[in-house]
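Biologist: Pick out the acidic side chains for me and walk me slowly through their surroundings. I'd like to know what they touch and how they pair up.

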Amino acid sequence: MKRLTNIFLMIKIGLLSDTHSHFDPRFIDLFADCDEIWHAGDIGDIKVLDKLQQLQETRAVYGNIDDAIIRRSIKENERFMIEGVDVWITHIGGYPGKYDRRVKAELFNNPPDLFIAGHSHILKVIYDEKLQCLHINPGAAGISGFHAVRTAVRFNLDNGKVKDLEIIELENKRFGGK
């Protein structure tokens, strides 16, 4: 759903990170009812971004493994307002109590409502009481890396709030994974 004047309507977001050049065909069904897909970096191959953009409107940032082609296509940081929520997406951001020095000053000077970072391959959803900010790291949706379980996240933005957050486990890499 889209916004009409000053009325905010619920929209559904699919969130992933650290695909490392892997596009899982299950993304098609997992994000079919999403209004937007957000990728928090380490895309790995521009073809992954292209396929996500074919599914839904996609917002993405580049990560430390992303090449010059990807870096020319997208930014290191995305900060935007959507449905009454101030969102900041970056790849290397840390998490509450251990924010990366690259983002820490801006986070404390001008905290968003929702701070999204990837990089660690560890799924975390933490509310930072000090900043009054929700932090989400969707873990890693790719098959490369030390993570045992591939993950992604879906949630709704509804009248300025994050609601109905779902953790998606794609598979345990040790048992039946690639």
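Modeller: Let's start with Glu-36, which is buried, at a relative accessible area of 4%. Buried here means under 20% relative accessible area, exposed means over 50%, and partly exposed is in between, with a 1.4 Å probe and protein chains only. Before going on, a word on the source: this is a predicted model, so local features need pLDDT of at least 70 and side-chain atom pairs count only at pLDDT 80 or more, while totals for chains, interfaces and linings use all residues. Residues are numbered from 1 along each chain as its sequence is written, and side-chain values use heavy atoms, with hydrogens and water left out.

Back to Glu-36. You'll find this residue in strand β2, residues 36-39. Helices (H or I, at least four residues) and strands (E, at least two) are DSSP runs, numbered from the N terminus. What does the side chain of Glu-36 pair with? Its partner is the side chain of Arg-59, in a polar contact of 2.6 Å. That term covers a pair of N or O atoms within 3.5 Å; within protein, one must be able to donate a hydrogen and the other to accept it, and residues adjacent in sequence count only if both atoms are side-chain atoms. Beyond its neighbours within four places in sequence, Glu-36 is in contact (heavy atoms within 4.5 Å) with Lys-12, Ile-13, Gly-14, Gln-56, Glu-57, Arg-59 and Ile-82.

Now over to Glu-106, in helix α4, residues 101-109. Glu-106 is partly exposed, with a relative accessible area of 38%. Leaving out sequence neighbours within four places, Glu-106 has contacts with Arg-79, Trp-88 and Pro-111. For a sense of distance, Glu-106 and His-20 are 86 residues apart in sequence and 28 Å apart in space, C-alpha to C-alpha.

Side chains of opposite charge can pair when their charged atoms come close. A salt bridge is a side-chain nitrogen of Lys or Arg within 4 Å of a carboxyl oxygen of Asp or Glu, and by that rule the count comes to ten. One of them joins the side chains of Glu-106 and Arg-79, at 3.7 Å from N to O. Glu-106 sits in helix α4 and Arg-79 in strand β4 (residues 77-82), so this pair ties together parts that are 27 residues apart in sequence. Arg-79, like its partner, counts as partly exposed, at 30% relative accessibility.

Another acid to click on is Glu-166, which makes a salt bridge with Arg-154; their closest N and O atoms are 3.0 Å apart. This pair links distant parts of the chain, with Glu-166 in strand β12 and Arg-154 in strand β11 (residues 149-158), twelve residues apart. Buried or partly exposed? Glu-166 is partly exposed, with a relative accessible area of 28%, whereas Arg-154 counts as buried at 14%.

Then there's Asp-158, whose side chain meets that of Lys-163 in a salt bridge of 3.6 Å, N to O. Asp-158 is partly exposed, at 21% relative accessible area, and so is Lys-163, at 34%. Finally, have a look at the network: salt bridges with shared partners join Lys-12, Asp-33, Arg-154 and Glu-166. You've met Lys-12 already, among the contacts of Glu-36.
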